[in-house]
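Reader: Could you walk me through this model? I'd like to begin with how the helices pack and then jump around a bit.

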Amino acid sequence: MGDQSAQTKSNENTSSEVNQDELILQQQRRIEKEIKETTPLVGEKESLKALESEYTEDEVYLSKAKALAQKYSYFRRTRPDGNCFFRAFSYAYLEKLLNNKEEFVKFRELAHKSKEDLVELGFPRFTVEDFHDTFMGVIDKVGEGKEESYAELHRLFNDQGYSDYAVVYLRLITSGQLQREAEFYQHFIEGDRTVKEFCHQEVEPMYKESDHIHIIAMSTALNTGVRVRYMDRGAGTEVTAHDFPEGSTPSVHLLYRPGHYDILYP
């Protein structure tokens, strides 16, 4: 009888754990659905005052938002879905290139050539081609030099299909760079994972958040400087800046708040 009672209790515990897990999953899905319905993939430009207004009850963040407003005029929000770094970077960089035809041509050549580089590294051609074609399509549509190019950029990056394909392709470029220089990047990877394993688990899949290693690899692969401003609870009111690769001149400025990247405009 005692054994049966213990078994029943064990079953109840297991059932309770399963129910709890299911509830957590349901809540997570609800939050994701709400974010999707209320937050565009890339928002409109907003004054830094809008950032300050988020922190009226938080003195640490409010003082940092005010300090940030001394250096930047606007910011642009991106959807917090784990892809925000790649989406924010690609939008901001293409927007910047609209004003610089020479840089645009260089970037287009690099992006065009990147497909064969990835195939040489062992990525399946049919997979790479699909994403590469869409990525080049976005670059070409934006680069037509028409007055409505900015509006077209915004439209494409808020179209889930185009926007996500651009993110996937940048993830592949980042993975390629990590694998190409595996010996160097191995030192940044915690645990017993190889660079290849890390790429398959943390870089190539969608919705995986980005860290320093992603930013270093991607900015190096594209030969582009990125300045990230880190807004956290660290001492002082300064919002610490890190440039990737180190010593580069930033073309893109991003704001990092724990777990999330938005675009900044000096």
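Author: Helix 8 and helix 11 are roughly perpendicular to each other, because their axes make an angle of about 95 degrees, and angles of 65 to 115 degrees count as roughly perpendicular. Please keep in mind throughout that this is a predicted model.

Reader: How far apart are the axes of helix 8 and helix 11, and which residues make the contact?

Author: The two axes are 8 Å apart. Helix 8, which covers residues 160-180, contributes L170, I173, T174, Q177 and L178 to the contact, while helix 11 contributes I213, H214, A217, M218, T220 and A221.

Reader: And how do the residues of that contact divide into nonpolar, polar and charged?

Author: Seven of the residues in the contact of helix 8 with helix 11 are nonpolar and four are polar, with no charged residue in the set.

Reader: OK, now helix 5 and helix 6. At what angle do their axes cross?

Author: The axes of helix 5 (residues 101-120) and helix 6 (residues 125-142) cross at roughly 175 degrees and come within 9 Å. That crossing angle makes helix 5 roughly antiparallel to helix 6, since the term applies to angles over 145 degrees.

Reader: Which residues make that contact, and how many are charged?

Author: On the helix 5 side the contact is made by F104, F107, R108, A111, H112, S114, K115, E116, L118 and V119, and on the helix 6 side by R125, V128, E129, H132, F135, M136, I139 and D140. Six residues of this contact are charged, alongside nine nonpolar and three polar ones.

Reader: What about E103, where does it lie and what does it touch?

Author: E103 lies in helix 5 and, leaving aside residues up to four places away in sequence, touches Y93 and L97. E103 counts as partly exposed because its relative accessibility is 29%, a value between the 20% and 50% limits. The C-alpha atoms of E103 and L178 are separated by 24 Å, with these positions 75 residues apart along the chain counted as their separation.

Reader: Switching to empty space: how many cavities of 30 Å³ or more does a search find?

Author: A search of the whole structure finds one cavity of 30 Å³ or more, and about 30 Å³ of space lies in the largest cavity.

Reader: What lines the largest cavity, and which helix gives the most to the lining?

Author: The lining is made up of F89, S90, Y93, L94, F107, F135 and L170. Helix 4 (residues 84-97) gives the most, with four residues. By type, six lining residues are nonpolar, one is polar and none is charged. Several names recur here: F107 and F135 are also in the contact between helix 5 and helix 6, and L170 is also in the contact of helix 8 with helix 11.

Reader: Any backbone oddities? Which residues does a cis peptide bond join?

Author: A cis peptide bond joins F244 and P245, with omega at about -20 degrees, and P245 lies in the loop between strand 4 (240-244) and strand 5 (250-257). Most peptide bonds are trans, and most residues other than glycine have a negative phi.

Reader: On phi, then, where are Y207 and N223 found?

Author: Y207, which is not a glycine, has a positive phi of about 70 degrees and lies in the loop between helix 10 and helix 11 (212-221). N223 is not a glycine either and has a positive phi of about 55 degrees; N223 is found in the loop between helix 11 and strand 3 (225-230).

Reader: Is N223 buried or exposed?

Author: N223 is exposed, because its relative accessible area is 69% and the limit for that term is over 50%.

Reader: Last one, the chain as a whole: how many helices and strands, and what percentage of residues count as buried?

Author: The chain has eleven helices and six strands, and 42% of its 266 residues count as buried. Its C-alpha atoms fill a box of roughly 80 × 50 × 35 Å along the principal axes. Among contacts with a separation of 6 or more, 72% are between residues 24 or more positions apart.

Technical notes: Residues numbered from 1 in each chain as written. Predicted model: local features only at pLDDT ≥ 70, side-chain atom pairs only at ≥ 80, totals over all residues. Heavy atoms only, no water. 1 Å grid on protein atoms, 1.4 Å probe; cavity = no way out; pocket = protein on both sides within 12 Å on 5 of 7 lines; lining within 4 Å. Points joined across faces, edges and corners; volume = space filled by probe spheres on them. Helix = DSSP H or I, 4+ residues; strand = E, 2+ residues; numbered from the N terminus. Nonpolar A, V, L, I, M, F, W, Y, C, P; charged D, E, K, R; others polar. Axes fitted to C-alpha atoms, helices over the stretch in contact; angles between N-to-C directions. Parallel < 35°, antiparallel > 145°, perpendicular 65-115°, else oblique. Contact = heavy atoms within 4.5 Å. Buried < 20%, exposed > 50% of the residue type's maximum accessible area, 1.4 Å probe, protein only.
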